[in-house]
Amino acid sequence: MSYSKKVAGNSFGEKERSCELSFENALREIGPIWHICTPGDFQEIIFTNEEDFIFGVNNMAISANNAGIVIITDSVMGNHIHSLAAGPRERCISFVNSFRMRLDRFLTASGRYLDLSKFDCSNPIEVTSLDMARNEIVYIDRNGYVVSPSYTPFSYPWGAGSSYFNHSSLMAGGVAYNDLPYREKRNISMSRVSDMPAGYTVM
C-alpha cells in the first residue's frame, strides 16, 4: 500500500481517503486479505532455538511462494504462526499445508517427532476494511513483545514488524536468493533447491 509525495501535505481526511483507495486497489490487484493463524493452545512447542526459528522464517517465504500468496506481515512464535496474506482463500489454506509438510520434514531430519495434526488453519479470517487491516497488522507484529517484553514490536527477530515504519530496513542490503550458490540455497531451504521469483532477498 503506497503513498505519494503529494499526500504528505494534505489534511488528515484526505490522507485517510488516499489510504482507503490504496487498500481497495490492493484488494483488486492481489486479491482478498486474510489473517492466517495456527492455534497455539493445543500445540506443543515447536521452535526451540535459533536454527528452528530461522527455518520457520525461511519456510514462511518459501511456502507462500509455493502457494502463490503475498505475505503482508508475519510472525513465527514458539508453537504457532501468524500471517497476514493476500490471495484466494484456498491458496491460504494450501500455504499452511505446505508450511506444515516442510516443517514435519525438518523436524524429522532433526530427530524430533511432534504431533502437528493441530497445526492448521482451515478458517482464515478475511480482512474486509482498512481499519481491520491495521488492527490485524498491529496484533501480529506485537506478538513477540507479548510473549517476551525484552522485545518491542519492531525488534522481534522472527517476524516482519521491524520492517514497518523503519526506513533503515530498506537500506539493509542483502543478496538476491537466486544469486546464491547451490549449497547456501540448500542450507536456507532445508529441502530440494529451486529458484524463487525475482526480488526475493536474503538479509
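## The sheet

How many bridges join strand β1 (residues 33-37) to strand β3 (residues 81-86)? In this predicted model, there are 5 of them, and the two strands run antiparallel. To put a finger on a particular spot, look at His35: its bridge partner in β3 is Leu84.

That pair belongs to a wider arrangement. Put β2, β3, β1 and β4 side by side in that order and you have an open sheet of 4 strands, with antiparallel pairing. The edge positions go to β2 and β4 (125-127); each has a single partner strand, so one side of each has no neighbour in the sheet. Going from one strand to the next, the twist averages 20°.

## The cavity

Now for the empty space. Rolling a probe the size of a water molecule over the atoms shows where such space is left. With the cut-off set at 30 Å³ or more, the count is 1 cavity. The largest cavity holds about 30 Å³ of space.

Which residues line the largest cavity? Working along the chain, you meet Asp74, Ser75, Ile140, Asp141 and Gly144, and then Pro153, Tyr156, Gly159, Ala160 and Gly161. Two elements, β2 (70-76) and α4 (130-141), give two or more residues each to this lining. β2 therefore turns up twice in this report: it is an edge strand of the sheet, and it also helps to line the largest cavity.

Sorted by class, the lining of the largest cavity is a mix: 4 residues are nonpolar, 4 are polar and 2 are charged.

Note on methods: Residues are numbered from 1 along each chain as its sequence is written. This is a predicted model: local features need pLDDT of at least 70, side-chain atom pairs count only at pLDDT 80 or more; totals for chains, interfaces and linings use all residues. Side-chain values use heavy atoms; hydrogens and water are left out. On a 1 Å grid over the protein atoms alone, a cavity is a set of points where a 1.4 Å probe fits but cannot get out, and a pocket is an open set with protein on both sides within 12 Å along at least five of seven lines; lining residues have an atom within 4 Å of a point. Grid points are joined across faces, edges and corners, and a volume is the space filled by probe spheres set on the points. Ala, Val, Leu, Ile, Met, Phe, Trp, Tyr, Cys and Pro count as nonpolar, Asp, Glu, Lys and Arg as charged, and the others, Gly among them, as polar. Two strands pair if DSSP finds at least two bridges between them. Axes are lines fitted to C-alpha atoms, for helices over the stretch in contact, and angles run from 0 to 180 degrees between N-to-C directions.
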